[in-house]
Amino acid sequence: MTIFGPLGPSLASSVTRNRGLYRAFKPFADWYADIAGYRRYGLKYDDLLVEERDDVQRALSRLTDSETYDRSFRFKRASQTSILHAELPKEQWVKPEEDVRYLKSHVESVVEEDNERSAWDNMAIQRKK
Amino acid sequence: MLAARTSVTRRAVRTFATVVDAAGVKVAAADSGEAASSVTFLVKAGSRYQNKPGVAHALQNFAFKSTGKRSALGTVRESEIYGGVLSSSLTREHLALTAEFLKGDEQYFVDVLSSFVTDAKFTRHELQEYVAPVCADEASAAATNPATRALELAHGLAFRNGLGAPLLSAEHDPVDVEAIKAYASSVFTKGNIAVLGTGISQEALSALVEKSLSALPAAAAPTGASSKYFGGETRVEGHGGPETVFIGFGATGASAAELAVLAAQLSPKPSVKWSQGLSPIAAALPVGASVETVLLPYSDATLFGFIVQGATAADVKTAGAAAVKALQGATSVGAEDFKKAVAKARFAAASAVDGKQGLVSVLGAKVLAGSAASVESALAAFDGVSASAVSNTVSSLLKAKPTYVAVGDIKSLPYADELGL
């Protein structure tokens, strides 16, 4: 996953751009996100992101205090359910509308900064004619 | 021959002769043939006008961070390629954003300055990652210097609000991005900015400013309440530095030349190395103690005083008493001494505007106020000073309640009344 960058490979942008394709894929995507099961353990999709990377760590440091608190609460609750070998009670499952990408925009801006830095580091300068 | 040539090339036009309005922004430039140019955006955005403590300091350190046009890294790297230096500085009244660069690169650097003023992003992560740590470092470095600390406390005592607001942001100040954004949008308006250039022609700078700052809003700038002088006494424990006492006197209204003459007369700083100054204070100073006259002029008030420092509290007491006695004795000055003091003050005023920094800090405020700013007009003020006017100034200073700050070993440092105040 990580060879494609911190967010992994995704065709989502090209699918959502095409309206017909989006309509065809949406029910399948919803079904898949539900069957993946992370919501039943009280997690959001961005909680599953591989965080053992410098860029994602920097993105995590940009979350607000309450977002960081909520994230660690979800992790604690999920590991407790894992110990109990049981899903959360159904009313505590993360609802699809709550499953927002709270970390994605931060990761993207960090990646953009890293790319810009490497571009400046490797640029060749020519004297003005 | 050489002398003649130098005098021609050094035909320094150390003056902002004209102030023109470019798109509602005041622009003043002085080109005296330097190889390097500098452009300063002087904004009336000092700590005096802030609505929350620490916001002005945070805004100063936010300078040259990411804008709509380029990121913080892009600004730094591109400026390095051009070989320019970007800096920002904050006083109680003004925020100065300065770019110094080689002649010919003005288009890029004026764009860097104006893109911060018009279209800065003020992101939360930049505040956390870059701005807040620098603010905290600067504030803690300032707190370790007892003289700086004494002056900060003295401003608070002397003026309470406005000019009395702390210059730097403390760790506990509730500065967030929204507050900085709101402050920036209130101070970055057309009437509130003056653009000062050295080593660049007036026309070139005006044209660039007109192009880049025309999008600024013309809203009214925040006006602080006019300053009032209060005075008072405070004592603060301090460790590691010299024992420090600040004895201050305040006056409202624009700074008068009389105060500059008085400061020059009382300053025990010798004009020649390894000698004793001619001030009446110098003779009474114990070895290891120092007295420094402080004259801090603001647009509508002035703080005048002495920073007295010494290794022991007893030295500080002796030196402080000598300073107070000299000030009280300054009501009657001999004609010879008065002439000397005027010459010294005149030289100090002239040499203050010698460098780029001085030009901006001394004359910039005048440009912002819309008046013609030149060295000549600054020096002309000394022509009208008379000995009786100085002694009137001294007696009116002494009539008001003094501002007294002691920083150090407060158990043994003197109280104000022990120095004869």
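**View 1. R40(A) pairs with D34(A) in a salt bridge of this predicted model.** R40(A) comes out partly exposed, at 22% relative accessible area. Its partner D34(A) is also partly exposed, with 34% relative accessibility. The N-to-O distance between the two side chains is 4.0 Å. Zoom out to the whole structure and the tally over all chains is 24 salt bridges.

**View 2. R62(A) meets E113(A) within chain A.** Here the N-to-O distance is 3.1 Å. E113(A) sits in helix α5 of chain A, while R62(A) is in the loop between α3 (54–60) and α4 (65–84), so the salt bridge ties together parts that are 51 residues apart in sequence. Buried or exposed, which is R62(A)? R62(A) has a relative accessible area of just 1%, so it counts as buried. E113(A), at 23%, is partly exposed.

**View 3. R62(A) also reaches across to chain B.** Its salt bridge with E129(B) has the closest N and O atoms 2.9 Å apart. Between chain A and chain B the count is two salt bridges, and six residue pairs are in polar contact. Helix α5 (residues 104–121) gives the largest share of chain A's side of this interface, with six residues. By class, that side holds seven charged, four nonpolar and three polar residues. Shared partners join R58(A), R62(A), E113(A), D114(A) and E129(B) into one salt-bridge network.

**View 4. Chain A and chain B bury about 1100 Å² between them.** Carbon and sulfur atoms account for 48% of that area. Which three residues supply the most of what chain A buries against chain B? They are R62(A), R117(A) and W120(A), which together give 48% of it. In contact terms, 14 residues of chain A meet 12 of chain B.

**View 5. D383(B) and R346(B) form a salt bridge in chain B.** The N-to-O distance is 3.2 Å. D383(B) is in the loop between α14 (375–380) and α15 (387–399), and R346(B) is in helix α12 (residues 335–352), 37 residues apart. D383(B) is exposed at 55% relative accessible area, whereas R346(B), at 30%, is partly exposed.

**View 6. V39(B) belongs to the largest nonpolar core, which has 48 residues.** V39(B), L59(B), L97(B), F188(B), V195(B) and L205(B) touch the most other members. Helix α4 (residues 106–119) of chain B provides the largest share of this core, seven residues. Among the residues that V39(B) touches are L97(B), F101(B), V110(B), L113(B), I200(B) and L205(B). Another core of 39 residues lies apart from this one, and includes I247(B), L262(B), V394(B) and A416(B).

Definitions and conventions:
Residues numbered from 1 in each chain as written. Chains lettered and ligands numbered in written order. Predicted model: local features only at pLDDT ≥ 70, side-chain atom pairs only at ≥ 80, totals over all residues. Heavy atoms only, no water. Contact = heavy atoms within 4.5 Å. Buried area = accessible area lost by both parts, 1.4 Å probe. Polar contact = N/O pair within 3.5 Å; in protein donor to acceptor, adjacent residues only side chain to side chain. Helix = DSSP H or I, 4+ residues; strand = E, 2+ residues; numbered from the N terminus. Nonpolar A, V, L, I, M, F, W, Y, C, P; charged D, E, K, R; others polar. Core = buried A, V, L, I, M, F, W, Y, C linked by side-chain atoms within 4.5 Å. Buried < 20%, exposed > 50% of the residue type's maximum accessible area, 1.4 Å probe, protein only. Lists of a residue's contacts leave out its neighbours within four places in sequence.
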